[in-house]
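Biologist: I am new to this structure and would love a guided tour. Could we look at it together, one question at a time?

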Amino acid sequence: MKKRERAILNAHITGVGKYLPEKVLDNKYFESIVETSDEWIRTRTGIVERRKLEEGGTSILATRAIENLMKNTGLKAEEIDVIIVATVTPDMLFPSTACLVQDNLGATNAWGFDLSGACSGFLFALQTGANLVESGLYKKVVVVGADKMSSIVDYTDRTTCVIFGDGAGAVLLEPTTDLSLGIQDSILHCDGSGRDALNMKAGGSLNPSSHETIDKRWHYIYQDGQKVFKVAVKGMADVSAEIMQRNELTSDDIAYLVPHQANLRIIDATARRMGISDKQVMINIDKYGNTTAATIPLCIADYYEDKKLKKGDKLILAAFGAGYTWGSLYLNWSLD
């Protein structure tokens with residue numbers, strides 16, 4: 001696969017924001033509702049606690065994250081051109097969550113849409129937003145990864161309920177003529193043959209809601225954990241190594257791998273494949289669990305807040321999700 005042709009403009013991240021609900025579900029909580037233990041959860045996933053939104057839908061998470069972004073950057077609602085919401089838990093099938101967020105913010109000049117790419121959704125949305133910026137038509141594109149996973153988690157299924165949490169992370173994309181900064185390259189994939197290993201069977205046009213779908217618990221996440229683990233390790237690791245090779249990057253060039261926070265063992269395998277150290281890997285799975293489309297922007301927001309990012313840092317973003325979907329994106333950080 002050839003490296004993409006360079007644009008006259010690059011899209012770069014000029015601001016970040018995040019939102020986590022106040023309610024914390026720690027591992028002790030799950031010991032009280034299913035047959036599991038704190039030790040079992042920590043050793044197999046790396047998760048210690050996760051958040052839960054008690055009232056409202058994903059639009060609340062996304063709105064709060066963008067409000068935090070606006071506070072951090074001074075961005076005004078009416079300046080936003082486009083809002084892209086990466087999510088698998090929209091408030092409803094229609095109108096889109098982006099429409100609800102636009103109204104919540106009072107972003108009267110913005111249009112937007114939802115993008116469903118599961119755990120790879122933020123990467124897909126970030127590249128889409130970058131393309132809009134690089135077209136020259138839009139100057140301020142907000143990309144937010146947001147999921148209320150608690151709304152589709154079966155809290156009687158010990159294999160999945162301990163994994164997921166709620167949250168949102170947002171970034172502002174703007175154009176720059178400095179082609180050394182911003183999004184440099186991406187490799188994105190999907191393969192629908194993985195549909196049976198990780199899905200939510202009901203609620204769409206194939207299996208509309210009915211007494212039968214409710215009785216069969218088809219409105220919750222289903223995951224074949226072993227099968228997904230095997231393909232996720234290979235998918236994330238291979239595509240991350242590929243984007244490094246394509247851009248002639250060595251392990252010493254990389255400031256951080258920003259991986260989807262699904263499982264600490266998958267993250268470790270990806271880092272080993274890239275030849276990077278633990279210090280070069282962004283981790284917050286212990287605090288938030290798997291927030292699906294929100295994990296990567298939440299990592300970026302956390303590390304930027306902690307002043308661990310500097311202008312020019314080379315980042316490799318990588319994810320794997322249901323579908324299957326997977327990919328990697330290379331960007332050079334532009335904020336001091």
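Biologist: At about what angle to β1 does helix α10 run?

Modeller: Happy to help, and please keep in mind that this is a predicted model. Helix α10 covers residues 295-305 and lies across β1, β6 and β7. Its direction relative to β1 is about 85 degrees.

Biologist: Which strands stand at the edges of the open sheet that holds β1?

Modeller: That sheet has 5 strands with mixed pairing, in the order β1-β7-β6-β4-β5. An edge strand pairs on one side only. Here the edge strands are β1 (10-19) and β5 (111-115).

Biologist: By how many degrees are neighbouring strands of this sheet turned against each other on average?

Modeller: The value is an average over neighbouring strands, with direction ignored. For this sheet it comes to 20 degrees.

Biologist: Which residue of β6 stands opposite V82?

Modeller: Strand β4 (residues 82-86) and strand β6 (residues 141-148) run parallel and are joined by 5 bridges. In β6, the residue opposite V82 is V141.

Biologist: Is A11 buried or exposed?

Modeller: A11 is found in strand β1. Leaving aside neighbours within four places in sequence, A11 is in contact with A130, V133, E134, E174, G182 and I183. Buried means under 20% relative accessible area. A11 has a relative accessible area of 0%, so this residue is buried.

Biologist: What distance separates the C-alpha atoms of A11 and L181?

Modeller: Along the chain, A11 and L181 are 170 residues apart. In space, their C-alpha atoms are separated by 8.2 Å.

Biologist: Are α3 and α4 oblique or parallel to each other?

Modeller: Helix α3 (residues 58-73) and helix α4 (residues 97-105) pack with their axes 9 Å apart, at an angle of about 50 degrees. Angles under 35 degrees count as roughly parallel and 65 to 115 as roughly perpendicular. The two helices, α3 and α4, are therefore oblique.

Biologist: How many residues of the contact of α3 with α4 are nonpolar?

Modeller: On the α3 side, the contact is made by T58, S59, A62, T63, I66, E67 and M70. From α4 come T97, L100, V101, N104 and L105. Of these residues, 5 are polar and 1 is charged, while the nonpolar ones number 6.

Biologist: Moving on to another pair, why do α7 and α8 count as roughly parallel?

Modeller: Helix α7 (residues 225-246) and helix α8 (residues 264-274) have axes 9 Å apart. Angles under 35 degrees count as roughly parallel. The pair is therefore roughly parallel, as its packing angle is about 30 degrees.

Biologist: How many charged residues are there in the contact of α7 with α8?

Modeller: Among the residues that meet are F229, M236 and D238 in α7, and R265, I266 and R273 in α8. The contact divides into 10 nonpolar residues, 2 polar ones and a charged group of 3.

Biologist: Which strands stand at the edges of the sheet with the order β8-β13-β12-β11?

Modeller: This open sheet has 4 strands and mixed pairing. Each edge strand has a single partner, so one of its sides is left without a neighbour in the sheet. The edge strands are β8 and β11.

Biologist: How many of the 8 residues of strand β13 are buried?

Modeller: Both faces of β13 are covered. On one side T325, G327, L329 and L331 are buried, and on the other W326, S328, Y330 and N332. Strand β13 is largely enclosed by the rest of the structure, because the buried count is 8 of the 8.

Biologist: In the turn between β12 and β13, which residue has a positive phi?

Modeller: Strand β12 (residues 314-321) pairs with β13 in the antiparallel sense over 8 bridges, and A318 stands opposite S328. The two strands form a hairpin with 3 residues between them. The positive phi, about 140 degrees, belongs to G323.

Biologist: Finally, is L206 buried or exposed?

Modeller: L206 is found in the loop between β9 (198-199) and α6 (211-215). Exposed means over 50% relative accessible area. With 73% relative accessibility, L206 therefore counts as exposed.

Technical notes. Residues numbered from 1 in each chain as written. Predicted model: local features only at pLDDT ≥ 70, side-chain atom pairs only at ≥ 80, totals over all residues. Heavy atoms only, no water. Axes fitted to C-alpha atoms, helices over the stretch in contact; angles between N-to-C directions. Parallel < 35°, antiparallel > 145°, perpendicular 65-115°, else oblique. Contact = heavy atoms within 4.5 Å. Nonpolar A, V, L, I, M, F, W, Y, C, P; charged D, E, K, R; others polar. Pairing = 2+ DSSP bridges. Buried < 20%, exposed > 50% of the residue type's maximum accessible area, 1.4 Å probe, protein only.
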